[in-house]
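Biologist: I have not looked at this model before. Please show it to me, and then let us go through its parts one by one.

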Number of protein chains: 2
Amino acid sequence: MIHPSTDTGSLGDLTTPCLLLDLQRMRRNIERLAQHLAGLNGTLRPHVKTSKCIEVTREILAGGHVNGITVSTLQEAEYFFAHGCSDILYAVGIVPAKLAAVADLTRRGCDIKIVLDSLEIAAAVAADAAQRQVTHRVMIELDSDGHRSGVRFDDDSLLDIARIIADSPHCDLVGVMTHAGESYHCRDAQSLLALAHQERDTSIAAAERIRAAGFPCPVVSIGSTPTALAIDNLDGVTEVRAGVYVFFDLVMAGIGVCDQSEIALSVLVSVSGYQKDRNRVITDGGWMALSRDRGTQSQAVDYGYGAVLDNECRAIEDLVVSGASQEHGMISRRDSTAPLPYQQLPLGGLLRILPNHACATAAQFDEFVVVDDNNHVIDRWSRTRGW
Amino acid sequence: MIHPSTDTGSLGDLTTPCLLLDLQRMRRNIERLAQHLAGLNGTLRPHVKTSKCIEVTREILAGGHVNGITVSTLQEAEYFFAHGCSDILYAVGIVPAKLAAVADLTRRGCDIKIVLDSLEIAAAVAADAAQRQVTHRVMIELDSDGHRSGVRFDDDSLLDIARIIADSPHCDLVGVMTHAGESYHCRDAQSLLALAHQERDTSIAAAERIRAAGFPCPVVSIGSTPTALAIDNLDGVTEVRAGVYVFFDLVMAGIGVCDQSEIALSVLVSVSGYQKDRNRVITDGGWMALSRDRGTQSQAVDYGYGAVLDNECRAIEDLVVSGASQEHGMISRRDSTAPLPYQQLPLGGLLRILPNHACATAAQFDEFVVVDDNNHVIDRWSRTRGW
């Protein structure tokens, strides 16, 4: 933002594009998962990579039943540790070159846990801990759904990895963790529940194999926003991780885990021009603001770079951001050639764009402009970034 | 970056992911366009949205034949003006709410030019200038290829817009400008040259219409990286704009305007894991580092989220980043099921990823790590961002 403005005011005082956070929607989303997990005697370890913001994280922590946080970078770990969060799971497979930074956090009192999924990295972590005379706290990453990384619960190497860590006097084997990322490809409640069961059951099975072999495995950590909201029994699970649920987005709505009216983030943009012969409207919200994420492209309804709302958050017919260059957004109809409702899209007027993927869109901004139910600006919360 | 490191050193000292800028490649790219334009008696107005970095821009300015700069946000205008660039074209259609910031720059001595393409915005700009008692310097944006925004050279409204600006005692009609963004869809030299001619000829025709009607139109500004490199005669054109040519990227290589060996940007990543049963390798370079840009998806060769090189910039067979989550990159073969060359992809080892789109990937980082021909780190240059 170029022009400093007061912390309160109307949307019209903002420099577009900017990132709006609807506080009440966010609080309802936080409450929804908290209630769901409370009903299952579950504990949450929120993934703060979505917000990268201490104020958002404090809103989650205020709800209770929280076990610490999950981060995706060591930079996030540093930021949240500096803001008082000391129980941190760094949930991206560790590479040995980052162990110096991990050790540094540990020595300063941060209870940081790292994840790995191979014998080679386990051996490197054990050797590093011995050399530095520091305790590395380790979780074994499980592959519960073929999504990305991790070792399978029934893989021979699982117990060998556990042995390397458990046998190291300088490492703690904290437990197992998995992320059912394939849940983003589910399209109905039945398949989501099945995947949530698979995520849970394979993790418990891995933990039981490790314990049966005589190694400790106190923590069983699972989660993704769709499976966290779908799971119906958490016996044997010690914590659930989820991130995007605080904001939700069009991808989550497409999966069916939220309604568009629950999406707490939007990008405020200004109409800068018309191309009436092509039946489209130009805005100042291009991919630099919306991100290049096209997560709804593979869903039943493709919203392009985002769904178009008026400045009070009411959907405008079937309008979407059909194209984007760096600082230009192109608005068209999604499924019709009828003329655009230009009277609802005045030149210089404000629109709100719902994001495909909250994590990606939020990352394009350095701050959230926090608004209340009356679309009054009530605060600005900064985000961290980098590695 | 968490760990402060010295300004010189080897790639192994860097925290991954980070953004590498090959200084010699960049200088060769800058020299190539400078030579090309010099041969046509052309003048360059570089688009600095690609780098958002004063050091990169100074390298361009040092080549001479430069007419000032082009920016895509008022934040860029502020940043570059603070660093001594005072001749600035803000090349995104102005919205009235931003005229206060424009006027503020003008009053501080910045020669900032704004663009517009409608009667309504022209009238708003004229009214704003009169009210603020400041001179708004205006260029009319032309649509030369149906790409995005602008008024067509033969549209009735062109002269009406020119009249509003020319008749306003508080506005200067600086000229016309266009961006042949459709050049990104060209696939051969012949179609590129044809589009470059179209971009030039429609702009000159628009300028001649404006002059014939008795209004001033001193500047004819055209450009995109592909058309700037293709154009063979600039008679009647006063300046050429281009941005991504300083770095190039896989999309530009796919169009045929550069070779992969000329791409000056890459993302340095670390190998964090294997999924040998799926024949893929996991790195710490996900979409947060690479961006979500999939610009090569519609080209003859789809590189996923980027092409994979070793840490000395040699391509590793046909490896690409086939998938990406926030902080994980998945490396696979592009067009074969042969086993990956794991010995070239050691756990913890470094790889370099060539970006689809330099502007989008660079925007994910706050600095360039500048390397020399020997892959020695010689400097760090910061970028600006935001609006």
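**Packing, sheet and contacts**

Biologist: Against which elements of chain A do the buried residues of α2(A) pack?

Modeller: Helices (H or I, at least four residues) and strands (E, at least two) are DSSP runs numbered from the N terminus. Buried means 20 or more other C-beta atoms, placed from the backbone, within 10 Å of a residue's own; 12 or fewer means exposed, and values in between partly exposed. In α2 (residues 54-62), the buried residues are Ile54(A), Val56(A), Thr57(A), Glu59(A) and Ile60(A). Their packing partners, by contact (C-beta atoms within 7 Å), are α1 (23-39), β3, α3 and β17 (376-382) of chain A.

Biologist: What pLDDT do side-chain atom pairs need in this model?

Modeller: Residues are numbered from 1 along each chain as its sequence is written, and chains are lettered from A and ligands numbered from 1 in the order written. The model is predicted: totals for chains, interfaces and linings use all residues, local features need pLDDT of at least 70, and side-chain atom pairs count only at pLDDT 80 or more.

Biologist: Which strands stand at the edges of the open sheet of chain A?

Modeller: Two strands pair if DSSP finds at least two bridges between them. The sheet has seven strands with parallel pairing, in the order β3-β4-β5-β6-β7-β8-β9. An edge strand has a single partner, so one side of it is left without a neighbour in the sheet; these strands are β3 (69-71) and β9 (239-240) of chain A.

Biologist: Which residue in β5(A) stands opposite Ile88(A)?

Modeller: Strand β4 (residues 87-90) and strand β5 (residues 111-116) of chain A run parallel and are joined by four bridges. α3(A) lies across β3, β4 and β5 of chain A, at about 170 degrees to β4(A) (lines fitted to C-alpha atoms, for helices over the stretch in contact, angles from 0 to 180 degrees between N-to-C directions). The residue opposite Ile88(A) is Ile112(A).

Biologist: How many residues of strand β6(B) are buried?

Modeller: Four bridges join β6(B) to strand β5 (residues 111-116) of chain B, and seven join β6(B) to strand β7 (residues 171-178) of chain B. β6(B) covers residues 136-142 and is largely enclosed by the rest of the structure, because the number of its seven residues that are buried is six.

Biologist: Through which helix does the chain cross from β6(B) to β7(B)?

Modeller: β5(B), helix α5 (residues 119-132) of chain B and β6(B) make a right-handed β-α-β unit (clockwise from first strand over helix to second, with the strands pointing away from the viewer). The next crossover, from β6(B) to β7(B), is right-handed too, and its helix is α6 (residues 157-167) of chain B.

Biologist: Which strand gives the largest share of the side of chain A that touches chain B?

Modeller: In the interface, 49 residues of chain A are in contact with 49 residues of chain B. α3 (74-82), α5 (119-132), β10 (265-275), α10 (287-290) and α11 (358-362) of chain A each supply at least two residues of this side. The largest share, five residues, comes from β10(A).

Biologist: Is Phe248(A) buried or exposed?

Modeller: Phe248(A) lies in the loop between β9 and α9 (250-255) of chain A. Its phi is near 60 degrees, a positive value in a residue other than glycine. Because Phe248(A) has 26 C-beta neighbours inside 10 Å, it counts as buried.

Technical notes: Contact = placed C-beta atoms within 7 Å.
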